[in-house]
Amino acid sequence: MSDGASGTAGTRVLLLAGAGGSGRTTAATALAARAADRGRTLLVTVGRVVDPLLADGGAPFDHVHLNPVELLAQWWESLSATVRAGRGLVDSADAGAGFDPFALEPPELTGLADAEHLLVLRAVRGHADSGEYGTVVVDGPAFDGLVSLLTAPASLAAYLERVWPRHIRLSGPTAGPAAGALAALLLAEPLAGLAEHLAAFVADRSALELVYVLTGDAGRPERARQELAALEVLGLRPVALVLGRLIDLDDRFALDLPHPGVRLVRARVAAQDDAREALAEISTVLDRPVVEVAEATDPVTTPAQAAALTWDTTPILDAVPAAVPAPEVRRLGGEGLDVRYEWGIALPLVDPATIGLGRVEEDVVIEAHGVRRRIRLPSVLRRCVVAGAAYTEGELRVTFAPDPEVWPHD
């Protein structure tokens, strides 16, 4: 696996996101089937069990199911073998002293959340970098799991560097009283390297693209807006919004009949009309298309039935990667210690009442809608302190003033 951006420029990775029950797996299966008409396609599903929709095969695309626990056991076994080989180089009397994470055997492992997320992303990227596929479609987890999946690499890399900086762990002892440091090092270094590698993958919009799926049921559009706002905070924007399970009625259907079944249909039609209106607004703000998917006449239980759904996948398969505007630095005026700078980041969907702001060393920490993002400040602002903040016209604007302790004097 390469250390840079995706090794195969022609391979697109489309990660489908959305709330549970939104039809995400059906949409992923249908999208993979359409993509297969253009070239070899892989559908990746993740979880402890395989969805019945894909259990019997028969799809026009390749399918791989990633069980995070199995990935964890395989990875741990490989690391354990490396540690056992390394221990042959140190005094056996001290080899078992102190911290020894590899006392755990692979079959004992039942889960380790952040490591599982990293291993899933590593597997996805491995398939993308293989050069075998034109498109890799990933049936992603529901929103909370998606946030954990996409933030785990950068968070873990930052945590490891914070609590055990690389220059310290690489210069520490590996024998004697600190023999356990060898095991710790052989655990931390692969984790840190993998986390940094995958953090770059997640941050590269040309390597990993999101497709957000929802239904027109009552309450779904508002939830979608909040989740999309949270994704904006994390620097993520979908290439398209998929509005699924839409029912289409002709003029012969009388919605004014006083029948319970008709009332249910009437309520659903009203809800999906409201959803269309809400998504039209979001689409305009994000400059992303809305793709509608009609409700199937029969239950979708096979890949062939998913492929037969009525929708136009062109806006997704031909989409340009959705780049979120990068933060901007503006000089407001002044000279010397009186100079003022403004750091602005576009967050058009965010509810300003949810915004929190912090500073950690050379980074600014933004919190909103239950998620938190740490962003490295430009060099000029690292010598400044926060002097104020405001949310204006869909943008968070933070004012900085020089810190007299570190600002260069004329």
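Two strands count as paired if DSSP finds at least two bridges between them. Keep that in mind while touring this predicted model.

**Stop 1: strands β8 and β9**

Select residues 328-333, which form strand β8, together with β9. The two strands run antiparallel and are joined by 5 bridges. To see one bridge, pick Glu328 and look across to β9, where its partner is Gly344. Next, move to the hairpin that links the strands; 6 residues lie between them. Gly334, in this hairpin, has a positive phi near 90°.

**Stop 2: the other partner of β9**

Keep β9 (residues 340-346) selected and add β14, residues 395-402. These strands are also antiparallel, with 6 bridges between them. Ala346 has Glu395 of β14 as its bridge partner. Is β9 mostly covered or not? Mostly covered: 5 of its 7 residues are buried.

**Stop 3: helix α3**

Now select residues 113-129, helix α3. At 1.5 Å a residue, its 17 residues should span 24 Å, and the end C-alpha atoms are 24 Å apart, which agrees. The helix is largely enclosed by the rest of the structure, because 12 of its 17 residues are buried. Among the buried ones are Ala115, Leu118, Leu119, Val120 and Leu121, but also Glu116, His117, Arg125 and Asp129. Just after the helix, Gly131 takes a positive phi of about 80°.

**Stop 4: the nonpolar cores**

Show the side chains of Trp75, Leu118, Leu150, Trp343 and Phe400. They belong to the largest nonpolar core, which has 79 residues, and they touch the most other members. Where does this core lie with respect to domain 1 and domain 2? It lies between them, because domain 1 (12-68 + 111-318) and domain 2 (328-402) both give residues to it. Another core, of 28 residues, lies apart from it; Ala33, Val211, Val291 and Ala319 are among its members.

**Stop 5: two loop residues with positive phi**

Most residues other than glycine have a negative phi. The last two selections have positive values.

Select Asp287, in the loop between α8 (260-286) and β7 (290-294). Its phi is near 55°. Its relative accessibility is 59%, so Asp287 counts as exposed, the cut-off for exposed being over 50%.

Finally, select Glu393, in the loop between β13 (384-392) and β14. The phi of Glu393 is near 50°. Is Glu393 buried or exposed? At 72% relative accessibility, Glu393 counts as exposed.

Conventions:
Residues are numbered from 1 along each chain as its sequence is written. This is a predicted model: local features need pLDDT of at least 70, side-chain atom pairs count only at pLDDT 80 or more; totals for chains, interfaces and linings use all residues. Side-chain values use heavy atoms; hydrogens and water are left out. Helices (H or I, at least four residues) and strands (E, at least two) are DSSP runs, numbered from the N terminus. The expected span of a helix is 1.5 Å times one less than its number of residues. Buried means under 20% relative accessible area, exposed over 50%, partly exposed in between (1.4 Å probe, protein chains only). A nonpolar core is a set of buried Ala, Val, Leu, Ile, Met, Phe, Trp, Tyr and Cys residues joined through side-chain atoms within 4.5 Å. Domain bounds come from an automatic or database domain assignment.
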